[in-house]
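Please load the model in a viewer and keep the sequence panel open beside it. The stops below proceed from charged side chains to a sheet and then to a single residue.

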Amino acid sequence: MAATFFTLDFHYSISESDTKRPIFFPKTLKKNPIKRFTLSCISNESPSKPPLNPPGSTNAKNPSLSEQLRPLSTNRLSPSKKDQGPRLLSKPKSTWVNPARAKRSVLSLQRQKRSPYPYNPRDRELKQFAKKLNDCGFSEDAFSAALEEIPHPPTRENAILMLNILKPWQKTLLFFNWIKAQNLFTMETLFYNITMKSLRFGKQFDLIDELANEMVSNEIPLDNITYSTIITCAKRCNRFDKAVGWFERMYKTGLMPDEVTYSAILDVYAKLGKVEEVLSLYERGVASGWKPDPIAFSVLGKMFGEAGDYDGIRYVLQEMKSLGVEPNLVVYNTLLEAMGKAGKPGLARTLFQEMLESGVTPNEKTLTALAKIYGKARWAKDALGLWEEMKSKNWPRDFILYNTLLNMCADIGLVEEAESLFEDMKLSDNCRPDSWSYTAMLNIYGSGRNADKAMKLFKEMSELGVELNVMGSTCLIQCLGKARRIDDLVRVFTVSIEQGIKPDDRLCGCLLSVVSLCESREDIEEVLSCLQQTKPRLFAFVKLIEQGETSFEVIKEKFRDIISDTTDDARRPFCNCLIDICRNRKLQERAHELLYLGTLYGLYPGLHNKTVDEWSLDVRSLSVGAAQTALEEWIGTLAKIVRQEEALPELFSAQTGSGTHNFSQGLANTFASHLKKLAAPFKQSEEKAGCFVATREELVSWLQSNIASPAVTA
């Protein structure tokens, strides 16, 4: 076995502060030291891998760095482009504030009051004229022609009134530019603030930014209302960098933000994922005497919820309690959604009860969040209790809530309750079933393998003109595939394509799963013809793995290309289905090769777990065929260890799960049957469902007596 050794020298400097932080964050005056270290790497190369140097290379003894790293690149998958996005940093360290040492205040405790508009005796006439301006065209010529009929000369008071009345932001901007061109009075901050407010409503940040820079150039002072309008508009337009830039400029001018501006910038930093900056701003504000309002706490709760950080959510609750801030409905809704993302259904239920006891009535958003939590946790009893309470107390229900409740029933398997909900929607005036409602019902019937009801629903959709979406098509195809109704499956697929549905990776995975279930060659070819239309490369790969003469290197290259072009959540199901297809075609060696490739490319990160006392195999995320293959591979590895007389732990276990999830139902029983077929000494654990255990003595004795068995040494 050849080894490649290389050494790299790195020079780096450790930065003590972030240059992107606002200017009021603490900085260090210590000079950053330049450090150097040497990194030595050694890589073992198996004989089956291609040589690092291509044939004819003139530098075989001193390969380049790119050539040395080439094996590493072939064993790593590039992240899916569809799933890339900013990730929120969790588990932040809060900024400690010494109460004994005075800190510079970071905000003004007095909210800036808006300037009162003077009484205008010509109110009625100007409002009627403003209505005419709102109704005229958006071109400058049409607007200028309408302005010629203005009933009174444009005084300061008249201009302020007109700017407030004009509704379309285009008209507001045209009138603002017109009064500037008239040059009858000084353009003060108030005129800009009113215009910016209208532009913010239209999400016109570039125009607001232009007006703000114009104010700076003309030395017109920007007040808290100006900065707050700029920052909130930048936030609505997802121009977070601009929001931060204007906030920092505010401090440079010496103007202290009020609580409105402060809360707005908290939300900006939270959306940027800068948790430490948010906490630093929050704690500095509290240290300055600021009492955050529920909106600020809602921002903190949402930030920690996005990170799934339960400690952060608990911190928000403790802060609200210590400062005497009573949560309102918005805060409760935010915290409930955060609890769901943090995976804390019990705490969400407790928080909901506290909300009811405090006298706050839930709205549609509250109930939707709670229904999602119960469905995800598969709490059937609590879900049914919530539904009964909603009906008895006549809580508000909207379209989104109904669909969420249907999806909750699909997750838990409540067929009768889902049918009752669906009938309620049909009788409703405002919440008639749509494509997603039918999709949820198709999912329920598909999970229960009720192909007759699923097809009846499909026919009803066609009669009512409800379009089938890609998720509904996937659920229906999965249901028909499990029922072996291939002709109906092909018909549904054809209708889906004719309706313009673009198949995604989940639909392709569903077709691949059906291929693994088919027994007759005729059915297999019909489903593969559908797969060929959706993903030709995957179709070609299925044909390739069935050819016994195809080399492992070719399989590896093609497999990597296909998986790299697949979304992250569909990569492991693809590999599972391909292994199932191989096992059903009696291609055991090919199944083991695919399992190896899946492990190599990180599709099964928690498959093997080792401690000093126990080695375990976790197959909960595997299909039946993949789980059987993983078991055989594991036993084969253990047999080699026993043959070499290496140390082993006291206990061995295999985890299949208890079968509560729709996709894992039956795995424990099938796995147990395979163990029995191998006569392996694993037994069902009495303490934990879906767990099979064996002692070291039992396993070693069995392996020694079956060391020559093909199943063991596979």
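Which residues are linked with Arg521 in a network of salt bridges? Select Glu525, Lys543, Glu546 and Arg585 together with Arg521: these five residues make up the network. The model under inspection is predicted, and the network is one part of a structure that holds 28 salt bridges.

**The whole chain**

Before the next selection, display the entire protein as a cartoon. Its secondary structure comes to 33 helices and 7 strands. Of the 714 residues, 45% count as buried. If a surface is drawn, the accessible area comes to about 37,900 Å², and 51% of that area belongs to carbon and sulfur atoms. For a contact map, consider the contacts between residues at least 6 apart in sequence: 69% of them join residues at least 24 apart.

**Three salt bridges**

Select Glu188 and Arg156 next. Their side chains meet in a salt bridge, with 2.8 Å from N to O. This pair links distant parts of the chain: Arg156 belongs to helix α4 (residues 156–165), whereas Glu188 lies in the loop between α5 (169–182) and α6 (189–201), and 32 residues separate the two in sequence. Glu188 has a relative accessibility of 28% and is therefore classed as partly exposed. Arg156, likewise at 28%, is also partly exposed.

Move on to Arg314 and Asp311. A salt bridge joins them, and their closest N and O atoms are 3.4 Å apart. Both residues are in helix α13 (residues 310–323); because they are 3 residues apart there, about one helical turn separates them. Arg314 is partly exposed at 39% relative accessibility, and Asp311 is partly exposed at 38%.

The third pair is Arg696 and Glu650, whose side chains form a salt bridge of 2.7 Å, N to O. Here too, distant parts of the chain are linked: Arg696 is in helix α32 (residues 696–705), Glu650 is in the loop between α30 (624–643) and β5 (651–655), and the two are 46 residues apart. Arg696 counts as partly exposed, with a relative accessible area of 25%. Glu650 is partly exposed as well, at 44%. In general terms, side chains of opposite charge can pair when their charged atoms come close.

**The five-stranded sheet**

From Glu650, which lies in the loop between α30 and β5, continue to the sheet itself. In what order do the 5 strands of this open sheet stand? The order is β3-β4-β5-β7-β6, and the pairing is mixed. β3 (608–610) and β6 (683–684) are the edge strands; each has a single partner strand, so one side of each is left without a neighbour in the sheet.

Now display helix α30. This helix packs on the sheet and touches β3, β4 (614–618) and β5; its direction makes about 155 degrees with that of β4. Add α32, which lies across β5, β6 and β7 and runs at about 80 degrees to β7.

Within the sheet, select β5 and β7 (residues 691–695). These strands run antiparallel and are joined by 5 bridges. Ala654 has Phe692 in β7 as its bridge partner, and Ser653 stands opposite Val693 in β7.

Rotate the view to bring β6 beside β7. The two strands pair in the antiparallel sense over 2 bridges, with Lys683 opposite Val693 in β7. β6 and β7 form a hairpin with 6 residues between them. In the turn, select Gly690, which has a positive phi of about 75 degrees.

**A residue in helix α16**

The last selection is Thr366, which is found in helix α16 (residues 364–377). Is Thr366 buried or exposed? Thr366 is buried: its relative accessible area is 0%, and the cut-off for this class is under 20%. Add Asn363 to the selection to see a polar contact of 2.7 Å between the side chains of Thr366 and Asn363. To complete the surroundings, display Leu329, Asn333, Leu336, Phe352 and Met355; Thr366 touches these residues when those up to four places away in sequence are not counted.

How values were computed: Residues are numbered from 1 along each chain as its sequence is written. This is a predicted model: local features need pLDDT of at least 70, side-chain atom pairs count only at pLDDT 80 or more; totals for chains, interfaces and linings use all residues. Side-chain values use heavy atoms; hydrogens and water are left out. A salt bridge is a side-chain nitrogen of Lys or Arg within 4 Å of a carboxyl oxygen of Asp or Glu. Helices (H or I, at least four residues) and strands (E, at least two) are DSSP runs, numbered from the N terminus. Buried means under 20% relative accessible area, exposed over 50%, partly exposed in between (1.4 Å probe, protein chains only). Contact means heavy atoms within 4.5 Å. Accessible areas come from the Shrake-Rupley method with a 1.4 Å probe; for residues, only the protein chains shown count as cover. Two strands pair if DSSP finds at least two bridges between them. Axes are lines fitted to C-alpha atoms, for helices over the stretch in contact, and angles run from 0 to 180 degrees between N-to-C directions. A polar contact is a pair of N or O atoms within 3.5 Å; within protein, one must be able to donate a hydrogen and the other to accept it, and residues adjacent in sequence count only if both atoms are side-chain atoms.
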